[in-house]
Amino acid sequence: MATRRKTEGGSTGAGGADPCECRAGPLAGTAFVGFRGLHGATGKWLHYADVDGQAIFEGDIVLGSVADMQADESGNPVLFSVGITSPDGVQFRWAGGRVPYEVDPALPNQARITDAIAHWESNTVIRFVLRTAANAAQHPDYVRFVPGGGCSSHVGRRGGMQAITLGAGCTTGNTIHEIGHAVGLWHEQSREDRDQFVQVNWANIDPAMQHNFNQHIQDGDDLGAYDFGSIMHYPGTAFSINGQPTLVPRVALPPGAVMGQRTGLSAGDIAGVLAMYPNVRPTIKEVGKDPIRDTIKEVRKDPIQDTV
């Protein structure tokens, strides 16, 4: 589930210089993104942009190659990891909440990946398994962190190898966000109840980019209350053509909430992931340090008061 905090979702915050994973490109077409499950078929038509040959939706969600999308414009549903609740959505979950992964050796600054993974493991039931030549046969479905022109990811488990692309400007916070998509989260502002909480200023958005503000009403389930502080939420100036806000809160933000932050998972994000993976209870022998939230400052000895 994906959050709108849809199940399969301004200020930069401390998590990165570019809070919006906005890979722009010309509007290339539409594709019927569908789902076949135990309870029949459902889906909707989505507009996508052509970014380096990839069909990109909402700035960083990869639907597939443009060639594949165009081949399916006849209306044949594209099986896609949409936000469908259990039992229908189970085929898009990572079994046991374990996500096998590889890292392209050419990808620079790999600490942003290890830090993002540590953050996820310290705050959720999701666990990551390094895929190697020795265990590759056990993990046919996996994510691979690769270099590219921006930050992007598929939503949910697609089957086989699926890339999480990290450009040079993608930070640890952006990486946490993209892992969120891979785990099964849509963008927060695509929730069905979005318009009750934020106003979309269409005049400040390039008409060719307005498709990035579509909502997911038929292909997911909202989890919990609308979360301005979700790491899956767009910043207030996402896709702005003039520097003016494209998203304006209709209500006062909760204390401490920063819309569009890329610092770390919010409490709502964590609860949403638990709802998607309700039966996952990993055995934890040792809780690792969260590099995002558990920064430890050295306490220096007071030579006057701490004399032994």
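This report covers confidence, the nonpolar cores, two helices, the disulfide and the salt bridges of one chain.

**Confidence**

The model is predicted. Its mean pLDDT is 77, and 65% of the residues reach 70 or more. Residues 1–18 have a pLDDT below 50. Beyond near neighbours in sequence, that stretch has 111 contacts in the model. Residues 75–86 also fall below 50. For this second stretch, the model shows 59 contacts beyond near neighbours in sequence.

**Nonpolar cores**

The largest nonpolar core has 30 residues. Within this core, W120, F145, I179 and Y277 have the most contacts. Six elements are named as giving two or more residues to the core: strands β6 (98–103), β8 and β10, and helices α2 (111–123), α3 and α4 (267–276).

I179 shows how the pieces meet. Leaving out residues up to four places away in sequence, I179 touches A116, I117, W120, F128, F145 and I164.

There is also a second, separate core. This one has twelve residues, among them V198, V200, M209 and M259.

**Helices α2 and α3**

Helix α2 has 13 residues. At 1.5 Å a residue they should span 18 Å, and the end C-alpha atoms are indeed 18 Å apart, so expectation and model agree. The buried residues of α2 are R112, I113, A116, I117, A118, H119, W120 and N123. They pack against three strands and two helices besides a further strand: β6, β7 (127–130), β8, β10, α3 and α4. An α-helix has 3.6 residues a turn, so residues three or four places apart point the same way. In α2, I113, A116, I117 and W120 are among the buried residues.

Helix α3 has twelve residues. From first C-alpha to last, α3 reaches 16 Å, close to the 16 Å expected. How many residues of α3 are buried? Twelve of its twelve are, and the helix counts as mostly covered. The buried set includes polar and charged names such as T172, N174, H177, E178 and H181. I179, with its contacts listed above, is also in this buried set.

**The disulfide**

The count comes to one disulfide. C151 and C170 form the bond, with their sulfur atoms 2.0 Å apart. The torsion about the S-S bond is about -115°, so the disulfide is left-handed. The pair links distant parts of the chain, 19 residues apart. C151 sits in the loop between β8 (142–147) and β9 (152–153). C170 sits in the loop between β10 (161–166) and α3 (172–183). Are these cysteines buried or exposed? C151 is buried, at 6% relative accessible area. C170 is buried too, at 4%.

**Salt bridges**

The structure holds seven salt bridges. Three of them are set out here.

| Salt bridge | Closest N and O atoms |
|---|---|
| R144 with D104 | 4.0 Å |
| R191 with E188 | 3.6 Å |
| R191 with D193 | 2.8 Å |

R191 pairs with E188 and with D193. Both R191 and E188 are buried. D193 is buried as well.

Salt bridges that share partners also join E102, D104, R131 and R144 into one network. Within it, the R144 and D104 pair links distant parts of the chain, 40 residues apart. R144 lies in strand β8, and D104 lies in the loop between β6 and α2. Why do R144 and D104 fall into separate burial classes? The cut-off for buried is under 20% relative accessible area. R144 is at 21%, so R144 counts as partly exposed. D104 is at 18%, so D104 counts as buried.

**A buried loop residue**

F92 lies in the loop between β5 (78–79) and β6. F92 is buried, with a relative accessible area of 6%. Its C-alpha atom is separated from that of G159 by 8.6 Å. Along the chain, F92 and G159 are 67 residues apart.

Definitions and conventions:
Residues are numbered from 1 along each chain as its sequence is written. This is a predicted model: local features need pLDDT of at least 70, side-chain atom pairs count only at pLDDT 80 or more; totals for chains, interfaces and linings use all residues. Side-chain values use heavy atoms; hydrogens and water are left out. A disulfide is a pair of cysteine sulfur atoms within 2.5 Å. Helices (H or I, at least four residues) and strands (E, at least two) are DSSP runs, numbered from the N terminus. Buried means under 20% relative accessible area, exposed over 50%, partly exposed in between (1.4 Å probe, protein chains only). pLDDT is the predictor's confidence in each residue, from 0 to 100. Contact means heavy atoms within 4.5 Å. A nonpolar core is a set of buried Ala, Val, Leu, Ile, Met, Phe, Trp, Tyr and Cys residues joined through side-chain atoms within 4.5 Å. The expected span of a helix is 1.5 Å times one less than its number of residues. A salt bridge is a side-chain nitrogen of Lys or Arg within 4 Å of a carboxyl oxygen of Asp or Glu.
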